[in-house]
Number of protein chains: 2
Amino acid sequence: MSEVLREIGMIARAFDSISNIEFKELELTKGQYLYLVRICEQPGIIQEKLAEMIKVDRTTAARAIAKLELQGLIEKRSDPDNRKIKKLYPTAKGEEVYPFLKREADYSDQTALAGLSDEEIETLYKLLKRVRRNVEQDWEYVKKGNKRSY
Amino acid sequence: MSEVLREIGMIARAFDSISNIEFKELELTKGQYLYLVRICEQPGIIQEKLAEMIKVDRTTAARAIAKLELQGLIEKRSDPDNRKIKKLYPTAKGEEVYPFLKREADYSDQTALAGLSDEEIETLYKLLKRVRRNVEQDWEYVKKGNKRSY
DNA sequence: TCTATTTTGTTGTATTTACAACAAAATATC
DNA sequence: GATATTTTGTTGTAAATACAACAAAATAGA
């Protein structure tokens with residue numbers, strides 16, 4: 001059997017760890033960068049979708065976002081057409097830190113991919129996207145309380 | 001810029017989440033499976049190396065391992081030649097659960113890789129191993145308190 | 001239209017995670 | 001051989017994470 005997921009796990013934990021350390025100087029605590037980046041890229045997104053996107057528990061996302069709001073990095077806006085949802089937007093302060101987050105992410109990608117040709121990178125990226133799409137299905141299935149059989 | 005690491009993060013979180021849910025029926029709490037699997041595969045490994053391998057903080061590993069010991073799934077053995085280290089071994093009970101962990105991991109790999117040809121899987125695996133090796137260097141560098149410049 | 005289900009969000013609680021600081025043994029350096 | 005450094009392990013503390021349970025609005029189904 002292959003051990004693709006094991007490699008992926010190692011890479012993900014390592015880079016998450018690096019990012020968390022590096023973003024401390026922006027007063028961002030563990031995990032916060034994940035949410036802030038996506039809110040900057042997709043202003044107006046709601047909490048529920050964000051959690052799905054990041055693949056994190058809804059309640060974890062709720063608290064991370066609440067904290068970002070408290071820090072004045074994002075704001076929640078009620079939607080007049082739908083009283084249930086709260087759209088998320090970066091504040092000016094949030095927009096200010098975004099370039100730093102982006103630069104860090106780009107740098108990490110760059111070092112991660114060191115020694116790979118453009119073509120190899122492209123191949124890797126395409127394959128990963130396919131894997132991710134496979135994963136999404138299982139994740140939602142299990143998260144909803146269903147049981148996989150194997 | 002590519003977004004390879006973002007894809008990797010999504011996949012890793014999704015599968016970690018799935019595994020944690022599925023292993024609850026074995027009385028394994030969050031993250032424990034990671035350690036137990038590797039101790040079964042490399043009996044005699046020490047805590048420090050295990051943390052490096054998994055890419056998790058030393059103290060996190062320490063507590064996860066302490067708990068596995070408390071649950072009677074692994075045991076720590078002192079080494080007569082080196083009074084500092086403690087080698088880790090699965091107990092009979094630990095060995096018993098291993099096949100379940102393995103089966104789950106294999107199944108997850110299988111679903112993750114659904115629709116990819118054997119050749120694509122091989123390519124992906126090889127590329128990921130290269131990425132992981134790149135990552136290891138940065139991780140250790142940053143973990144030791146050094147600063148990356150970008 | 002009425003009711004059931006789904007979506008979205010929140011809060012209480014237990015647990016993991018990581019950083020900081022420490023200690024002791026082993027190894028390297030002089 | 002003495003001492004400085006690295007390796008390995010532990011504990012205190014703060015914070016994130018996830019599950020359970022709840023509530024309210026929106027949507028689907030009859």
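This is a tour of a predicted model, from its chain interface to its DNA and then to the two domains of chain A.

Local features need pLDDT of at least 70, side-chain atom pairs count only at pLDDT 80 or more, and totals for chains, interfaces and linings use all residues. Residues are numbered from 1 along each chain as its sequence is written, chains are lettered from A and ligands numbered from 1 in the order in which they are written, and side-chain values use heavy atoms, without hydrogens and water.

**Stop 1: chain A against chain B**

Select chains A and B. The contact (heavy atoms within 4.5 Å) takes 61 residues from chain A and 61 residues from chain B. About 6400 Å² is buried between the two chains, 63% of it from carbon and sulfur atoms. Buried area here is the accessible area (1.4 Å probe) that two parts lose on being put together, summed over both. Now pick Arg13(A), Arg148(A) and Tyr150(A). In chain A these lose the most area to chain B, together 12% of what that side buries.

Next, look for charge pairs. The rule finds twelve salt bridges across the interface of chain A and chain B. A salt bridge is a side-chain nitrogen of Lys or Arg within 4 Å of a carboxyl oxygen of Asp or Glu. Zoom to Arg148(B) and Glu104(A): their side chains meet in a salt bridge, 3.3 Å from N to O.

Polar contacts come next. Between chain A and chain B, 32 residue pairs are in polar contact, both residues at pLDDT 80 or more. Such a contact is a pair of N or O atoms within 3.5 Å; within protein, one must be able to donate a hydrogen and the other to accept it, and residues adjacent in sequence count only if both atoms are side-chain atoms.

Colour chain A by element. Two or more residues on the side that touches chain B come from each of α1 (4-22), α2 (32-41), α3 (47-54), α5 (92-112) and α6 (118-143) of chain A. Helices (H or I, at least four residues) and strands (E, at least two) are DSSP runs, numbered from the N terminus. α6(A) gives the most to this side, with 17 residues.

**Stop 2: DNA strand D**

Select strand D and the residues near it (a heavy atom within 4 Å). There are 26, and the closest are Thr29(A), Lys67(A), Lys143(A), Arg58(B) and Lys84(B). Of the strand D atoms that come within 4 Å of the protein, sugar and phosphate account for 60%.

Which part of strand D does Lys84(B) approach with a polar side-chain atom? A base oxygen, at 2.5 Å. Move to Gln47(B): a side-chain N or O atom is 3.2 Å from a phosphate oxygen of strand D. At Asp57(A), a polar backbone atom is 3.2 Å from a phosphate oxygen of strand D.

α4(A) supplies the largest share of the surface near strand D, four residues.

**Stop 3: two domains of chain A**

Select 4-112 as domain 1 and 116-150 as domain 2 of chain A; these bounds come from an automatic or database domain assignment. Their centres, taken over C-alpha atoms, are 20 Å apart. Six residues of domain 1 of chain A are in contact with five of domain 2 of chain A. Together the domains bury about 510 Å², 69% of it on carbon and sulfur atoms. Glu52(A), Lys55(A) and Asp57(A) supply 71% of the area that domain 1 buries against domain 2.

Finish on Asp57(A) and Lys143(A). They form a salt bridge, with the closest N and O atoms 2.7 Å apart.
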